[in-house]
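Good morning, colleagues. I should like to take a few minutes to walk through one structure, beginning with a pocket, continuing with a sheet and ending with a single side chain.

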Amino acid sequence: MTDNIKPEHYRTGEIDLFEEWYLTYPFEQYRAIMQSHAEKYLRRNKVDRVEDLGKAIYTLEILKEKEIEHAGGDEESITKDGTITYKSEEYENTFLLKGFLEHGFNYLARDFDGDIYVYKFPPMKRKTTWYAHTIGINRAEKINDHSFPEVGWSDKKPTKIADLLATYENGGENRK
C-alpha cells in the first residue's frame, strides 16, 4: 500500500528528506523550508483535500519535534505562551558538525573574505582561499558565514570537524 502522507521518494537515501534538511541548513532556514512545505499543502486545491491536510499536519508535526529538539530536547523549553527558549549557538553548532560528518565532510576553513566552507578532503591554503581538489572534483560547500567563529583565515591548517565537535562536546575545553 502506498503511503501518500510519507511517500517513499522522501525516504530513498540513508535518512529521510526532512531529516537531511535539518542536518544541512541552519535552523532558521530549516524552519522556513518546513513552514513553506506545509503551506504548499494548505493552499493546494486538489480533489483530495483531506490527504493534503494530512501532509501539512505531518510536516508541522516534524517541525514541532525539531523545534523541541532544537530548544534543548524537552517540552519545558517551550513556555506557556508558545515561546521557545533555545540553547546556545554552541548547541546548534554541535548538530551542524555531526551532520557534516554524517555527510562525509571532515574539514572546515575560512577564506580571506570571511566565507567558510566544509570540505571532504583536506584543502590547501592559497593566497586568499582554501582549495580542495581531488580527482578532478572540488569537494567543498559554503556554509553560513556566522557559524564557527573559532575558524579563521589566519589558521595555518584547516580545522578538523571531528576535533571541533569533540571540543564542543567537551564544554569548550581546548578551544582557540
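Let us begin with the second largest pocket, whose lining consists of E20, L23, T24, G99, F100, H103, F105, V118, E141, K142 and I143. Three elements each contribute two or more residues to that lining, namely α1 (17–24), α4 (89–102) and β7. By residue class, the lining comprises 5 nonpolar, 3 polar and 3 charged residues. The space within this second largest pocket is about 170 Å³. Please bear in mind throughout that we are looking at a predicted model.

From the pocket I turn to the sheet. How are its strands ordered? The order is β7-β2-β1-β8, an open sheet of 4 strands with antiparallel pairing. At its edges lie β7 (140–143) and β8 (159–160), each of which pairs on one side only. As a general reminder, strands of a sheet pair through backbone hydrogen bonds.

Consider now strand β1, residues 107–110, in more detail. On one side, β1 is paired with β8 through 2 bridges, in the antiparallel sense. Within that pairing, Y107 has K160 of β8 as its bridge partner, while L108 is bridged to T159. β1 is also joined to β2, residues 116–119, by 4 bridges, and these two strands run antiparallel. Here L108 faces V118 of β2, and V118 is a residue we have already met in the lining of the second largest pocket.

The connection between β1 and β2 also deserves a word. The two strands form a hairpin with 5 residues between them. In the turn, G114 adopts a positive phi of about 100°.

And which way do the side chains of β1 point? Y107 and A109 point one way, L108 and R110 the other. In general, side chains in a regular strand alternate between the two faces of the sheet. In β1, all four of these residues are buried.

Finally, I should like to draw your attention to D52, which is located in helix α3, residues 49–71. Is D52 buried or exposed? Its relative accessibility is 0%, and because buried means under 20%, D52 counts as buried. What, then, does D52 touch beyond its neighbours up to four places away in sequence? The residues are Y41, R44 and K46. With R44 there is also a polar contact between the side chains, at 2.8 Å.

That concludes my presentation; I thank you for your attention.

Conventions. Residues are numbered from 1 along each chain as its sequence is written. This is a predicted model: local features need pLDDT of at least 70, side-chain atom pairs count only at pLDDT 80 or more; totals for chains, interfaces and linings use all residues. Side-chain values use heavy atoms; hydrogens and water are left out. Buried means under 20% relative accessible area, exposed over 50%, partly exposed in between (1.4 Å probe, protein chains only). A polar contact is a pair of N or O atoms within 3.5 Å; within protein, one must be able to donate a hydrogen and the other to accept it, and residues adjacent in sequence count only if both atoms are side-chain atoms. Contact means heavy atoms within 4.5 Å. Two strands pair if DSSP finds at least two bridges between them. On a 1 Å grid over the protein atoms alone, a cavity is a set of points where a 1.4 Å probe fits but cannot get out, and a pocket is an open set with protein on both sides within 12 Å along at least five of seven lines; lining residues have an atom within 4 Å of a point. Grid points are joined across faces, edges and corners, and a volume is the space filled by probe spheres set on the points. Ala, Val, Leu, Ile, Met, Phe, Trp, Tyr, Cys and Pro count as nonpolar, Asp, Glu, Lys and Arg as charged, and the others, Gly among them, as polar.
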